[in-house]
Amino acid sequence: MDPDEQIETKDALAESTAEAIELGQQLWDFLTNTAEVLLRPWNAYQLGIAVGLLVLAAVLAKPIAGAFHDWLRGRTGWPRWRMRAGLVLHRRIRGILFVLLIWTTVLIMQDITWPSRSRLMVVIANLSLAWLIVSFATRLVANPLLRKLVKYGAWIWVTLRILGITAEATAFLDSVAIDFGDLRISLFLIVQAVVILGVMLTLARAISSVAANRIRNNPDISPSMQVLGAKLAQILLLGGAFFIGLKAIGIDLTGLAVLSGAIGVGLGFGLQKVVSNLVSGLIILLDKSIKPGDVISLGETFGWINSLGARYVSVVTRDGREYLIPNEDFITNEVVNWSHTDRFVRLDLKFGTGYSDDPHEVRRVAIEAAKTVGRVLSGGNRAPVCHIVGFGDSSVDYVLRFWISDPTGGLTNIRGNVYLALWDAFKEAGISIPFPQREVRVLNEALPVAMQD
């Protein structure tokens, strides 16, 4: 850096420091004057009344909160959002009572005495009401950290606004800044960014949730397109809220274009698998090859699809395990979708009977036994059928074919139930199930066994 530039930097730093000291002195003078005003007799009386009302609100809140909590416990049929609203209201009963008491007191004091003797009470009442409204409004923010930042930021802004020192506080925050060439980042800019972006992202999340619910509840849209539409709406709304918030703050977005391009190239090389799974997920949603509720087999995994994510597919098996399978595996590997076009599944059972049993009777008994099992379809072109498939060494071999319409209920259990029904039916009808029998003969069994030393 040139000597002239160093001198200019030092001068600018000294000037900023002097401005900050001056604003700090002004703030100190304001606080001193405020303390002197609060110590005047009538102002002290008003502070005492406000403290007394706060204690009274705390005392009254205990029985009211207990009764309200018991009443909420009895509302078992309420939807979740209404129960949450009731809990939020329950936690703020003391604040609600204080606001009601102090505003009632203000109205009474303005009616029986001079307005100047209730001016401090009016300020406290306005602050209490504003804080209560902010506390309720920020419950719409889902993220806990963002909720706290927005809540405390809104409280501070409302307090400064009611006290009439917004300009002084803004000037003080703007004086605390760091310069990076043409870019100047001040404390006021950071606070403004947090508040504006928090509000914009919260609104975007609320709108995207409403849009996603509308899409999911539309029966004319397929499940895969519902997931795709909900995710596209979320991405577009959140991205738009972010860039609109940056524009509202005053940040030049043209400089971010080059930075985002460089970051995109780096991510493309470093996160190839992630990008591949994201693209594969988009392809799955577009071609509708799988959808939530489908029963699939992928390798050794058999289960039904619980949800489609941006990076993975959630598959729940019959034993309660949930597998998070990358989307890329559904594009590159062979997937068996048992319910792609419909939910009907045909199962085959092989068995054998003795040569002494009438095959016509065996087929009839087997079909009737399969029909007695609850999940087996027994009508139309999906009724059970039985065929002879061969003459074995020890038995006549058959195959019993039947259909089910609920593969999510499991396949092994329905096979076991049909086998058990066959066993009972064959036993009642006197049909035998042969098994191989072998005769073992030991040769030269009379020869003695040589003894070894």
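How many bridges pair E8 with strand E10, and in which sense, parallel or antiparallel? Strand E8 and strand E10 (residues 396–404) pair over nine bridges, in the antiparallel sense. The structure described in this report is a predicted model.

## Overall composition

The protein chain contains 14 helices and ten strands. Of its 453 residues, 28% are buried. Among the contacts with a separation of 6 or more, 61% are between residues that lie 24 or more positions apart. The chain has an accessible surface of about 29,700 Å², and carbon and sulfur atoms account for 62% of this area.

## The three-stranded sheet

The pairing of E8 with E10 belongs to an open sheet of three strands, arranged in the order E8-E10-E9 with antiparallel pairing. Strand E8 (345–353) and strand E9 (385–391) are the edge strands, each of which pairs on one side only. On average, neighbouring strands of the sheet are turned by 25° against each other, with direction ignored. In general, the strands of a sheet pair through backbone hydrogen bonds, in either a parallel or an antiparallel manner. Within the pairing of E8 and E10, Val345 stands opposite Ile404, a residue of E10.

Two helices lie across strands of this sheet. Helix H13 (residues 359–371) lies across E8, E9 and E10 and runs at about 140° to E9. Helix H14 (residues 412–429) lies across E8 and E10, and its direction is at about 35° to E8.

## Salt bridges on and beyond the sheet

The count of salt bridges comes to five. Arg346, Asp348 and Arg401 are linked in a network of such bridges. In this network, Asp348 forms a salt bridge with Arg346, and the closest N and O atoms are 3.6 Å apart. Asp348 also forms a salt bridge with Arg401, again with the closest N and O atoms 3.6 Å apart. Because Asp348 lies in strand E8 and Arg401 in strand E10, this pair ties together parts that are 53 residues apart in sequence. Asp348 is partly exposed at 33% relative accessibility. Arg346 is partly exposed, with a relative accessible area of 40%, and Arg401 is partly exposed at 29%.

A further salt bridge joins the side chains of Lys291 and Asp294, with an N to O distance of 3.1 Å. Is each partner buried or partly exposed? Lys291 counts as partly exposed because its relative accessibility is 23%, whereas Asp294, at 1% relative accessibility, counts as buried.

## The E5–E6 hairpin

Strand E5 (residues 312–317) and strand E6 (residues 322–326) run antiparallel and are joined by five bridges. The two strands form a hairpin with four residues between them. In the turn, Gly320 has a positive phi of about 90°. Across the pair, Ser314 stands opposite Leu324 in E6.

## A nonpolar surface patch

Which residues make the nonpolar surface patch of about 290 Å²? The patch is made by Val275, Val279, Ile283 and Ile331. Helix H11 (residues 272–287) supplies the largest share, three residues. Val279 is found in this helix, H11. With a relative accessible area of 44%, Val279 is partly exposed, and it therefore passes the patch cut-off of over 30% relative accessible area.

Definitions and conventions. Residues numbered from 1 in each chain as written. Predicted model: local features only at pLDDT ≥ 70, side-chain atom pairs only at ≥ 80, totals over all residues. Heavy atoms only, no water. Pairing = 2+ DSSP bridges. Axes fitted to C-alpha atoms, helices over the stretch in contact; angles between N-to-C directions. Contact = heavy atoms within 4.5 Å. Patch = residues over 30% accessible without salt bridge, like charges linked within 9 Å, V, L, I, M, F, W, Y side chains within 5 Å. Areas by Shrake-Rupley, 256 points an atom, 1.4 Å probe, with all protein chains shown as cover. Salt bridge = Lys/Arg side-chain N within 4 Å of Asp/Glu carboxyl O. Buried < 20%, exposed > 50% of the residue type's maximum accessible area, 1.4 Å probe, protein only.
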